[in-house]
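Hi everyone, thanks for making time for this. I'd like to walk you through one structure, a piece at a time. Have a look at it first, and then we'll get going.

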Amino acid sequence: MSFPISRPRRLRKNEAFRSLVRETRLSPAGFVYPLFVCPGEGVRKEVRSMPGVFNLSVDEAVKEAQEVKSLGIPSVILFGLPESKDEQATGAWAEDGIVQQAARVIKREVPGLLLMGDVCLCEYMSHGHCGIVQKTATNRSVGAASTAQMSGVDEYEILNDESLDILAKTAVSQARAGMDIIAPSDMMDGRVAAIRDALDDEGFENIPILAYAAKFASGFYGPFREAADSAPAFGDRRSYQMDGANLREAMIEIELDLEEGADMIMVKPAMPYLDVISEARRRYDVPLAAYQVSGEYAMIKAAAQNNWIDHDRVMLESLQSIQRAGASIILTYFAKDVAKILG
Ligand code: PBG
Ligand code: ZN
């Protein structure tokens, strides 16, 4: 008498069996490591809410990039903390902008490492929004208004089409500086088409676009805004980033970005949106990225520091879930940690 007939535990007996039948194998080969570049020399300033993540001057960013490459991680994504901010986001597209400087030097010093440029304006705008702000209430200056005054829905507007020109300029200046991949994260409508057009016009028709296609307005971006000094001075990003309740709309966003010429698509954040990753994988046959964002990283670091969870185990499990859901490219602050473990 044999009961039960099916015994899934037969294949879980020991690590050799488990390894043999494993469906998802984590590897740093699809990882992208974010770098935050700041002015100065010899600067290596830890982000308070992101242990192990630093604001790095260009010389230090080069060292970091070297380490990343030597660990078998193929790519870094660059974010910038400019010397100064204004309402044109000049620092985003200036030829000697901080990210452009970093890209030029890293390209030279660490050949073979893929440079990804995050294209957005929030880090470079004095108001911290991802596009041009127009106030719609009278007798109020945007710069001087308090958060409370400005948080009303019809007191300011993020201008879509006007912002596209700056985004396109930014993408072109990043391509000139040597970026291998352009990754717009602003969530303005039509930005992929505008960027594709501008890149092609300047002879960069072979530079691919990774679109942050389904980017949700999320509380999980908190630590990043400290790292990149990019929190909006008033209001929030809900009029351009997606509502977290919407899966079908995420598919529309992806579809539009692909129609506009995106070569790869991204879902962000990752773990709270695994269903979105999974549905995108099922529907679209393009490389699919997921961004395990700052808050996802900070939560694991904080709980592990308290010995409430096992750092390495939870880190690997979180990344495995993202890969299992269907992402083949993962942007993660854990990239170096994982590469060291999997070595
Ligand atoms: C800029 C940008 C953000 C992130 C990546 N690019 C922040 C935001 O939209 O406020 C978040 C990354 C993270 O939290 O790790 N648009
Ligand atoms: Zn932004």
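So, to warm up: in which sense do strands β1 and β12 pair, and over how many bridges? They pair in the parallel sense, over two bridges. On the β12 side that means residues 329–332, and if you want one spot to look at, find F31, which stands opposite I330 in β12. One thing to keep in mind before I go on: what you're looking at is a predicted model.

Okay, let's stay with β1, because eight of its eight residues are buried, so this strand is largely enclosed by the rest of the structure. You can go through it face by face. On one side you have F31, Y33, L35 and V37, and those are all buried. On the other side you have V32, P34, F36 and C38, and they are all buried as well.

β1 has other pairings too. Three bridges join β1 to strand β3, residues 50–57, and the two run parallel. There, V37 stands opposite L56 in β3. Then there's β4: β1, residues 31–38, pairs with β4 in the parallel sense over six bridges. Two places to click on are V32, which stands opposite S75 in β4, and Y33, whose bridge partner in β4 is V76.

Now let's move over to β4 itself, residues 75–80. How many of its residues are buried? Six of six, so to speak: the strand is mostly covered. S75, I77 and F79 point one way, while V76, L78 and G80 point the other way, and all are buried. β4 is also joined by four bridges to strand β5, residues 114–119, and those two run parallel. We met V76 a moment ago facing Y33 in β1; in β5, the bridge partner of V76 is L115.

Next, the helices. When two helices pack, we describe them by the angle between their axes and the distance between the axes. Take α6, residues 160–176, and α7, residues 191–201. They pack at an angle of about 45°, with their axes 9 Å apart. That makes α6 and α7 oblique to each other, and α6 passes α7 in a right-handed crossing. Which residues of α6 and α7 meet? From α6 it's L164, L167, A168, A171, V172 and A175, and from α7 it's R191, A194, I195, A198 and L199. Sort the residues of that contact by class and you get 10 nonpolar, no polar and one charged.

Here's another pair, α10 and α12. Their axes come within 8 Å and cross at roughly 30°, and α10 and α12 are therefore roughly parallel to each other. The contact is made by L274, I277, S278 and R281 of α10, together with S321, I322 and A325 of α12. By class, that's four nonpolar, two polar and one charged.

And α12, residues 311–325, has another partner to look at, helix α13, residues 335–342. How are α12 and α13 set relative to each other? They're roughly perpendicular: the axes come within 11 Å and cross at roughly 105°. In this contact, H311, D312, M315, L316 and L319 of α12 meet D337, V338 and I341 of α13. The classes here are five nonpolar, one polar and two charged.

Last part: a few spots in the loops. First up, A89, in the loop between β4 and α3. Its phi is near 55°, a positive value in a residue other than glycine. Is A89 buried or exposed? It's buried, with a relative accessible area of 0%.

D229 also has a positive phi, about 50°, although it is not a glycine. You'll find D229 in the loop between α8 and α9, and at 46% relative accessibility it counts as partly exposed.

Then P208, in the loop between α7 and β9. P208 is partly exposed, at 23% relative accessible area. P208 and D180 are 28 residues apart in sequence and 7.4 Å apart in space, C-alpha to C-alpha. Leaving out residues up to four places away in sequence, P208 touches D180, I181, I182, R196 and D263.

And one final thing to find on your screens: a cis peptide bond joins K268 and P269, with omega at about -10°. P269 sits in the loop between β10 and α10. That's my tour, thanks for listening!

Definitions and conventions. Residues are numbered from 1 along each chain as its sequence is written. Chains are lettered from A and ligands numbered from 1 in the order in which they are written. This is a predicted model: local features need pLDDT of at least 70, side-chain atom pairs count only at pLDDT 80 or more; totals for chains, interfaces and linings use all residues. Side-chain values use heavy atoms; hydrogens and water are left out. Axes are lines fitted to C-alpha atoms, for helices over the stretch in contact, and angles run from 0 to 180 degrees between N-to-C directions. Angles under 35 degrees count as roughly parallel, over 145 as roughly antiparallel, 65 to 115 as roughly perpendicular and the rest as oblique. A crossing is left-handed if the near helix is turned anticlockwise from the far one by less than a right angle, and right-handed if clockwise. Contact means heavy atoms within 4.5 Å. Ala, Val, Leu, Ile, Met, Phe, Trp, Tyr, Cys and Pro count as nonpolar, Asp, Glu, Lys and Arg as charged, and the others, Gly among them, as polar. Buried means under 20% relative accessible area, exposed over 50%, partly exposed in between (1.4 Å probe, protein chains only). Two strands pair if DSSP finds at least two bridges between them.
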